[in-house]
Amino acid sequence: REVDAEQTGVGYSPIISANITPAENLNIALKYEFKTKLELTTKLIDNKGGGVFVEGDKVIADMPAMFAAGVDYKPMNNLLLSASMNYYFDKDVDYDGKENFNINMINKNFTEYAFGAEYGFNDKIRVSAGWLGSFTGVNENYQNDQRYSLNTHSFGAGLGVRLLPMLDLNIGGQYTIYKEGSK
């Protein structure tokens with residue numbers, strides 16, 4: 001099935017954040033993004049909706065509020081340790097897209113946790129590694145052919161080389177493992 005459709009809308013979201021450095025080797029960042037009310041209007045291109053999309057249809061696509069926290073700590077000059085957490089208030093969002101529907105799609109709020117480290121061998125060469133775990137809170141009612149969410153564990157590593165005082169070359173890679181799931 002070929003579908004050619006466009007959905008557009010505008011949303012505004014206030015963001016409050018703070019960055020605290022209680023000690024020279026410790027940095028703490030906090031951020032709260034408020035829920036964004038968003039309604040999308042569907043436009044069919046060349047009338048190719050394929051029965052999936054309807055011209056002029058209004059779809060609720062609110063974005064959840066989100067709280068994020070991050071910490072950087074330098075236990076020694078050439079070692080940086082980082083941790084972060086993101087918490088999405090998904091249970092407060094209507095993911096079924098319509099006011100007159102009430103499909104329970106979310107069992108718990110989505111969370112992400114990350115840890116990373118960077119080690120500098122000298123002023124020119126440093127290496128880094130990290131982990132990110134994403135833990136979705138959706139249930140079977142959320143999963144379909146247009147949206148799907150699975151828990152993941154991602155591992156990354158990188159190498160940085162200082163070429164000039166204001167020029168670094170960075171190379172990195174990431175590998176993600178998805179929890180098995182099907183519908």
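**Figure 1. A nonpolar patch on the surface of the predicted model.** In this predicted model, six side chains come together at the surface: Tyr 119, Phe 121, Ile 125, Val 127, Leu 159 and Ile 171 make a nonpolar patch of about 520 Å². If you would like one residue to start from, try Ile 171, which sits in strand S11, spanning residues 167–178. Its relative accessibility is 60%, so Ile 171 counts as exposed, the cut-off for that class being over 50%.

**Figure 2. The open sheet and its two edges.** Step back from the patch and follow the strands across. Eight of them form an open sheet, in the order S2-S3-S6-S7-S8-S9-S10-S11, and the pairing is antiparallel. Which strands lie at the edges? They are S2 (15–23) and S11, each of which pairs on one side only. Going from one strand to the next, the twist averages 10°. As a reminder, strands of a sheet pair through backbone hydrogen bonds, either parallel or antiparallel.

**Figure 3. Strand S10 beside edge strand S11.** Here we zoom in on the end of the sheet. Strand S10 covers residues 152–164 and runs antiparallel to S11, the two being joined by 12 bridges. One residue pair to look for is Arg 162 with Asp 168, its bridge partner in S11. Further along, Ser 154 also belongs to strand S10. The side chain of Ser 154 meets that of Thr 176 in a polar contact of 2.8 Å. Is Ser 154 buried or exposed? With a relative accessibility of 8%, it counts as buried, because the limit for that class is under 20%.

**Figure 4. A salt-bridge network around Arg 126.** Four charged residues share this view: Glu 118, Arg 126, Arg 162 and Asp 168 are linked in a network of salt bridges. Begin with Arg 126, whose side chain meets that of Glu 118 at 3.5 Å, N to O. Arg 126 also forms a salt bridge with Asp 168, and here the closest N and O atoms are 3.0 Å apart. That second pair links distant parts of the chain, since Asp 168 is in strand S11 and Arg 126 is in strand S9 (residues 125–135), 42 residues apart. How covered are these partners? Arg 126 has a relative accessible area of 18% and is therefore buried. Glu 118, at 31% relative accessibility, counts as partly exposed. Asp 168 is partly exposed too, with a relative accessible area of 27%.

**Figure 5. A salt bridge between Lys 31 and Glu 33.** How many salt bridges does a search of the whole structure find? The total is 5, and this view shows one formed by Lys 31 and Glu 33. The closest N and O atoms of this pair are 2.8 Å apart. Lys 31 has a relative accessibility of 28%, so it counts as partly exposed.

**Figure 6. Ser 149 in the loop before strand S10.** For the last stop, look at the loop between S9 and S10, where Ser 149 is found. Although Ser 149 lies in a loop, it counts as buried because its relative accessibility is 14%. Ser 17 makes a handy second landmark: Ser 149 and Ser 17 are 132 residues apart in sequence, and their C-alpha atoms are 28 Å apart in space.

Note on methods:
Residues are numbered from 1 along each chain as its sequence is written. This is a predicted model: local features need pLDDT of at least 70, side-chain atom pairs count only at pLDDT 80 or more; totals for chains, interfaces and linings use all residues. Side-chain values use heavy atoms; hydrogens and water are left out. Patches are made of residues with over 30% relative accessible area and no salt bridge: like charges are joined within 9 Å, nonpolar side chains (Val, Leu, Ile, Met, Phe, Trp, Tyr) within 5 Å. Accessible areas come from the Shrake-Rupley method with a 1.4 Å probe; for residues, only the protein chains shown count as cover. Helices (H or I, at least four residues) and strands (E, at least two) are DSSP runs, numbered from the N terminus. Buried means under 20% relative accessible area, exposed over 50%, partly exposed in between (1.4 Å probe, protein chains only). Two strands pair if DSSP finds at least two bridges between them. Axes are lines fitted to C-alpha atoms, for helices over the stretch in contact, and angles run from 0 to 180 degrees between N-to-C directions. A polar contact is a pair of N or O atoms within 3.5 Å; within protein, one must be able to donate a hydrogen and the other to accept it, and residues adjacent in sequence count only if both atoms are side-chain atoms.
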